[in-house]
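User: Please take a close look at one part of this model, the hairpin and the strand that follows, and then show how the rest fits around that part. I am a first-year student, so plain wording is best.

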Amino acid sequence: MKKILALLLAFIVVAMSSCTLFDGVDENGSSGPVSSSTQSSSGTGEHQHSFEEIVVAPVCNNRGYTRHICVCGYEFIDNFINDEGTHSYERGICKECGDVNHAEIVNLISTEAIKANVYVTTKYITKGFGFEVTTGVSNGSGVIIDYKDGEYYLLTNNHVVYSKEMSADSTGRKFYVTDYSGNEYQATLIEGSALANYDLALLKFSSGEQYTVLDVASKNAERGELVVSLGQPQGQPNTITMGEVLNYGRVTITDSDVTECNVSFDTLHHDAYINNGSSGGALVDSSLQLIGVNYAGTAHEQGKPSNSYSIPAEKILEYFDEIDYNYKPFNQGK
Ligand SMILES: [Zn+2]
Ligand SMILES: [Zn+2]
């Protein structure tokens with residue numbers, strides 16, 4: 001929204017009407033295109049309006065207007081539409097006016113962003129003499145956010161890689177990621193990266209495949225902004241759902257131990273559908289930047305809107321500092 005406003009401001013042309021006096025103007029305002037050049041009519045009234053004209057030129061096929069303001073306070077607006085113009089979309093966003101082409105965005109999400117989506121499996125194991133048994137399994141989603149020295153780094157939730165109950169019944173854990181096309185790899189949990197107070201953890205894995213690396217947005221998304229959720233709700237791979245940022249606020253989690261999830265800051269609330277299995281999955285904006293990591297939601301009921309919660313971008317960046325991870329957006333400058 002700010003982007004659009006800035007663009008409009010850039011198009012504001014202040015045209016002083018070079019002392020042209022008006023009288024008996026059409027108080028209803030006239031419609032249709034007007035130029036910023038002066039109009040004149042001779043007058044006989046007591047006060048002759050002297051207009052300053054502010055022209056907000058239309059970009060693409062948007063509406064523009066001319067605002068005529070007199071020092072006496074009287075003003076009127078002429079609206080006009082540039083129906084000749086068309087949006088010039090670049091990766092789904094008009095570079096002139098900021099308009100979003102949803103079809104192009106959905107196409108980019110399903111062909112590019114989805115290649116950053118992974119399924120995360122944590123196996124709780126117990127070793128004996130010559131044997132190893134799996135005593136528990138937890139699943140969630142993850143998102144690739146970096147690539148260094150032949151290894152991909154992904155974010156997921158702490159509660160996806162750590163369960164207090166399953167840890168108590170086992171002697172160790174193994175981590176696996178399944179990529180968007182179904183290939184499974186063993187992954188390594190970055191030491192010291194599993195933090196309950198952010199409900200985030202960082203894993204890495206090696207693969208010769210080409211994946212998309214999503215950059216973490218430098219700022220939190222604004223209310224009303226389009227969001228797209230990626231993940232595996234109920235185990236459904238590569239699920240894409242859309243919604244918008246509703247709010248920021250605290251959420252109380254009741255079905256998780258504080259050693260698993262202990263988030264006490266304001267989180268991003270949105271209405272893109274998520275469910276069990278979406279935990280740790282990406283929330284992206286229309287420019288395919290990571291604006292959140294899904295971590296909780298209210299139980300989904302048929303016919304009711306979703307309430308989905310994400311760790312917002314600024315908290316993800318703060319988390320990188322916290323774990324001393326030297327993060328630089330991978331795609332920046334490319
Ligand atoms: Zn006047
Ligand atoms: Zn446009």
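Analyst: Strand β10, residues 172-178, and strand β11, residues 184-189, run antiparallel and are joined by 4 bridges. The model is a predicted one. One of the residue pairs here is valine 177 with its bridge partner in β11, tyrosine 185. Between the two strands lie 5 residues, and together β10 and β11 form a hairpin. Glycine 182 sits in the turn and has a positive phi of about 100°.

Strand β11 also pairs on with β12, residues 201-206: the two run antiparallel and 2 bridges join them. Threonine 188 stands opposite lysine 204 in β12. A general point helps when looking at any such strand: in a regular strand the side chains alternate between the two faces of the sheet.

Another hairpin can be set beside this one. Strand β3 (residues 63-70) and strand β4 (residues 75-81) run antiparallel and are joined by 7 bridges, with arginine 63 standing opposite isoleucine 81 in β4. This hairpin has 4 residues between its strands, and glycine 73 in the turn has a positive phi of about 105°.

Now follow the chain onward from β12. The loop between β12 and β13 holds threonine 212. Is threonine 212 buried or partly exposed? Threonine 212 counts as partly exposed because it has 18 C-beta neighbours inside 10 Å, while 20 or more would be needed for a residue to be buried. Leaving aside neighbours within four places in sequence, the contacts of threonine 212 are Glu112, Ala113, Lys115, Ala116 and Ile144. Asparagine 117 is 95 residues away from threonine 212 in sequence, yet their C-alpha atoms are 8.5 Å apart in space.

After this loop comes β13, which belongs to a barrel. The barrel is closed, has 6 strands in the order β13-β14-β15-β18-β17-β16, and its pairing is antiparallel. From one strand to the next, the twist averages 45°. Strand β13 (residues 226-231) pairs with strand β16 (residues 282-284) in the antiparallel sense over 2 bridges, and serine 229 has leucine 283 in β16 as its bridge partner. Helix α5, residues 313-322, packs on the sheet, where it touches β17 (290-297) and β18 (308-312), and its direction makes about 45° with that of β18.

Which residues of α5 are buried? They are Ala313, Lys315, Ile316, Tyr319 and Phe320. Seen down the axis of α5, these buried residues fall within an arc of 160°, so they line one face of the helix. The general background is that an α-helix has 3.6 residues a turn, so residues three or four places apart point the same way. The cover over the buried residues of α5 includes β17 and β18. Just after α5, aspartate 324 takes a positive phi of about 60°.

Last comes the nonpolar interior. The largest nonpolar core has 58 residues, and those with the most contacts inside it are Val143, Ile145, Leu154, Leu214, Val284 and Leu290. Strand β17 gives the largest share of this core, 5 residues. Domain 2 (108-112 + 213-322) and domain 3 (119-206) each supply at least three residues to this core. Valine 284, leaving aside neighbours within four places in sequence, is in contact with Ala113, Leu214, Val228, Leu230, Gln289, Leu290 and Ile291.

Key
Residues are numbered from 1 along each chain as its sequence is written. Chains are lettered from A and ligands numbered from 1 in the order in which they are written. This is a predicted model: local features need pLDDT of at least 70, side-chain atom pairs count only at pLDDT 80 or more; totals for chains, interfaces and linings use all residues. Two strands pair if DSSP finds at least two bridges between them. Axes are lines fitted to C-alpha atoms, for helices over the stretch in contact, and angles run from 0 to 180 degrees between N-to-C directions. Two residues are in contact if their C-beta atoms, placed from the backbone, lie within 7 Å. A nonpolar core is a set of buried Ala, Val, Leu, Ile, Met, Phe, Trp, Tyr and Cys residues joined through C-beta atoms within 7 Å. A residue is buried if 20 or more other C-beta atoms lie within 10 Å of its own, exposed if 12 or fewer, and partly exposed in between; C-beta atoms are placed from the backbone. Domain bounds come from an automatic or database domain assignment. The arc is that of the directions from the helix axis to the C-beta atoms.
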